[in-house]
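Biologist: Before I accept the terms used for this model, I should like to hear how each one is justified. Please set the values against the definitions.

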Amino acid sequence: DERMVQLKLQKRLAADILKCGQNRVWIDPTEINDVSQASSRQAVRSLIKDRAIVKKQINGVSRFRVRQRAEAKAKGRHTGFGKRSGTREARMPTKCLWVRRTRVLRRLLATYRDDGKIDCHLHKELYLKAKGNVFKNKRVLVEHIQTERTERERARQLQEQQQARREAAAAARA
């Protein structure tokens with residue numbers, strides 16, 4: 001304890017040089033003799049260079065518990081009724097969900113139309129149906145498009161067959 005009293009000056013000078021509080025100045029216990037000899041700023045600077053006097057790191061607040069909790073929350077823990085303070089609508093507005101879904105569906109319809117997978121008439125029809133809340137999600141819409149396309153193709157083929165039959169009948173009559 002007597003030795004530390006001798007180092008009051010050195011601590012004060014070191015704190016001033018290191019631009020920190022005296023509590024953050026650490027003096028190497030093995031170098032105490034050298035440090036006690038230092039009575040000028042120049043000497044203290046050289047000791048700092050030699051790592052006999054060191055500025056201690058600030059003890060921050062650990063993020064470990066926060067990360068741990070976030071990890072658990074990602075798995076679905078800590079999200080029961082007791083942890084909720086807002087209504088369902090406040091936590092995730094239905095309007096927000098609607099806008100999200102509508103944008104997804106409209107984007108899909110636009111890409112299908114641009115790629116030529118659907119014609120402009122079918123696009124218009126499906127666009128209005130999407131607006132009317134007919135499709136729950138993207139998968140349902142894609143399935144609907146596929147069935148619609150196959151049905152239209154079948155109808156077209158039937159029409160062509162009928163046309164061919166009519167023409168054959170007309171040719172037979174003539």
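Biologist: Why is Arg 69 called partly exposed?

Modeller: The relative accessibility of Arg 69 is 39%. Buried means under 20% relative accessible area, exposed over 50%, and partly exposed in between, with a 1.4 Å probe and protein chains only; Arg 69 therefore counts as partly exposed. This is a predicted model, in which local features need pLDDT of at least 70 and side-chain atom pairs count only at pLDDT 80 or more, while totals for chains, interfaces and linings use all residues. Residues are numbered from 1 along each chain as its sequence is written, and side-chain values use heavy atoms, with hydrogens and water left out.

Biologist: Where does Arg 69 lie, and which residues gather with Arg 69 in a patch of positive charge?

Modeller: Arg 69 belongs to helix H5; helices are DSSP runs of H or I with at least four residues, strands are runs of E with at least two, and both are numbered from the N terminus. The surface patch joins Arg 69 with Lys 73, Lys 83, Arg 84, Arg 88 and Arg 91. At least two of the patch residues come from each of helix H5 (64–74) and helix H6 (88–91).

Biologist: What makes such a group a patch?

Modeller: Its residues have over 30% relative accessible area and no salt bridge, and like charges are joined within 9 Å. A salt bridge would be a side-chain nitrogen of Lys or Arg within 4 Å of a carboxyl oxygen of Asp or Glu. Lys and Arg count as positive, and the place of a charge is NZ of Lys or CZ of Arg.

Biologist: Why is Arg 51 called exposed, and what is its phi?

Modeller: Arg 51 counts as exposed because its relative accessibility is 56%. Its phi is near 65°, a positive value in a residue other than glycine. Most residues other than glycine have a negative phi. Arg 51 sits in the loop between helix H4 (41–49) and strand S2 (53–55). His 78, in the loop between H5 and H6, also has a positive phi, about 55°.

Biologist: How many helices and strands are there, and why is the protein called more spread out than a compact globule?

Modeller: The protein has 9 helices and 2 strands. Its radius of gyration is 40 Å, well over the 16 Å that the globule rule gives for 174 residues, so the protein is more spread out than a compact globule. That radius is taken over C-alpha atoms, and the rule is 2.2 Å times the number of residues to the power 0.38. The C-alpha atoms fill a box of roughly 130 × 40 × 20 Å along the principal axes.

Conventions:
Patches are made of residues with over 30% relative accessible area and no salt bridge: like charges are joined within 9 Å, nonpolar side chains (Val, Leu, Ile, Met, Phe, Trp, Tyr) within 5 Å. Accessible areas come from the Shrake-Rupley method with a 1.4 Å probe; for residues, only the protein chains shown count as cover.
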